[in-house]
Amino acid sequence: NSIYIDQSGDNATITMTQDGTGNRVRGLDAAGTGNTTPATIYGDNVTVTVEQVGSGNMLKLGIDTGTASGGADSSVNYSITGSNSVASISMKNDGAISSLSNVIDITQVSTTGATVSVLMTGTSNTLTSTQTGGSYAALTANISGTNNTATVNQSGGASNSANITQSGDYATASVTTVGASNSVTISQSGGTTGQTATISLTGS
């Protein structure tokens, strides 16, 4: 099953649930692009919830927001349960106004592999990710702006990884992992006011 999205407008609430194998959330493909074109949503105060269950599922999602000061949050909640899934979430400003209060919440319950990459730009970015279950759940996040917070909880399982890159003032990263053969990489730069990174490892 494939869900195609290309939407423009503020105050949108979108909920998608896919249960099965080889499902897709994406944009309309151009010639020769296959399933790689991201679903695109333009607007402020956008709330998107995606739940995928099964193996071989894919999410390609981009949100362009230009919320001015005092505007409402835009958020993405992504949940995947299964194996061999691939997700890409991009939340950035529209190039005209710095986006504010971007929120991404990710839950990966992987049996044999789940990969998600995140791109966030603007100010007051918040990323929360929980990876649990079997093995080979991977998160890669690139966050730029001010007041960035990334929190990752890897509980149980093995060979799970978190790779967080943040640039800007007030960047905070906290990763806790329990299990065997897990890995964490944190890179923070550009801040003149304060940077904090905390890593807690339990296991072998």
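**A single salt bridge and the strand architecture around it**

By the distance rule applied to side-chain nitrogens of Lys or Arg and carboxyl oxygens of Asp or Glu, within 4 Å, the count comes to one salt bridge. The structure examined here is a predicted model. The salt bridge is formed by the side chains of Lys92 and Asp64, with an N to O distance of 3.2 Å. The pair links distant parts of the chain, 28 residues apart: Lys92 belongs to strand β9 (residues 85–93) and Asp64 to strand β7 (residues 58–65). The two partners fall into separate accessibility classes. Asp64 has a relative accessibility of 16% and therefore counts as buried, the limit for that class being under 20%. Lys92 has a relative accessible area of 32% and so is partly exposed.

The protein chain contains 16 strands and zero helices. Of its 204 residues, 40% are buried. The accessible surface amounts to about 8,600 Å², and carbon and sulfur atoms account for 49% of that area. Among contacts between residues at least 6 apart in sequence, 47% join residues at least 24 apart.

Lys92 also provides a reference point for Leu119. The C-alpha atoms of these two residues are 7.3 Å apart in space, although 27 residues separate Leu119 from Lys92 in sequence. Leu119 is located in strand β10 (residues 102–123). Its relative accessibility is 34%, so Leu119 is classed as partly exposed. When residues up to four places away in sequence are set aside, Leu119 touches Ile89, Ser90, Met91 and Asn142.

In soluble globular proteins, nonpolar side chains tend to be buried together. The largest nonpolar core of the model comprises 32 residues, among which Val48, Ile104, Ile106, Val118 and Leu127 touch the most other members. Strand β10 supplies the largest share of this core, five residues. For Val48, the contacts beyond four places in sequence are with Ile14, Met16, Ile41, Leu61, Ile63, Ser75, Val76 and Asn77.

A polar side-chain pair was examined in strand β3 (residues 13–19), where Gln18 is found. Gln18 has a relative accessibility of 5% and is therefore buried. Its side chain is joined to that of Gln52 by a polar contact of 2.8 Å. Outside its neighbours within four places in sequence, Gln18 is in contact with Asn1, Ser2, Ile3, Asn23, Arg24, Val25, Glu51, Gln52 and Val53.

Strand pairing was examined for β12, β14 and β16. Strand β12 (residues 149–158) and strand β14 (residues 171–180) run parallel and are joined by eight bridges. In this pairing, Ser155 stands opposite Val178 of β14. Strand β14 is also joined to strand β16 (residues 195–203), again in parallel, through nine bridges. Here Gly179 stands opposite Gly203 in β16. Strand β14 is thus paired with both β12 and β16.

Notes. Residues are numbered from 1 along each chain as its sequence is written. This is a predicted model: local features need pLDDT of at least 70, side-chain atom pairs count only at pLDDT 80 or more; totals for chains, interfaces and linings use all residues. Side-chain values use heavy atoms; hydrogens and water are left out. Helices (H or I, at least four residues) and strands (E, at least two) are DSSP runs, numbered from the N terminus. Buried means under 20% relative accessible area, exposed over 50%, partly exposed in between (1.4 Å probe, protein chains only). Contact means heavy atoms within 4.5 Å. A nonpolar core is a set of buried Ala, Val, Leu, Ile, Met, Phe, Trp, Tyr and Cys residues joined through side-chain atoms within 4.5 Å. Accessible areas come from the Shrake-Rupley method with a 1.4 Å probe; for residues, only the protein chains shown count as cover. A polar contact is a pair of N or O atoms within 3.5 Å; within protein, one must be able to donate a hydrogen and the other to accept it, and residues adjacent in sequence count only if both atoms are side-chain atoms. Two strands pair if DSSP finds at least two bridges between them.
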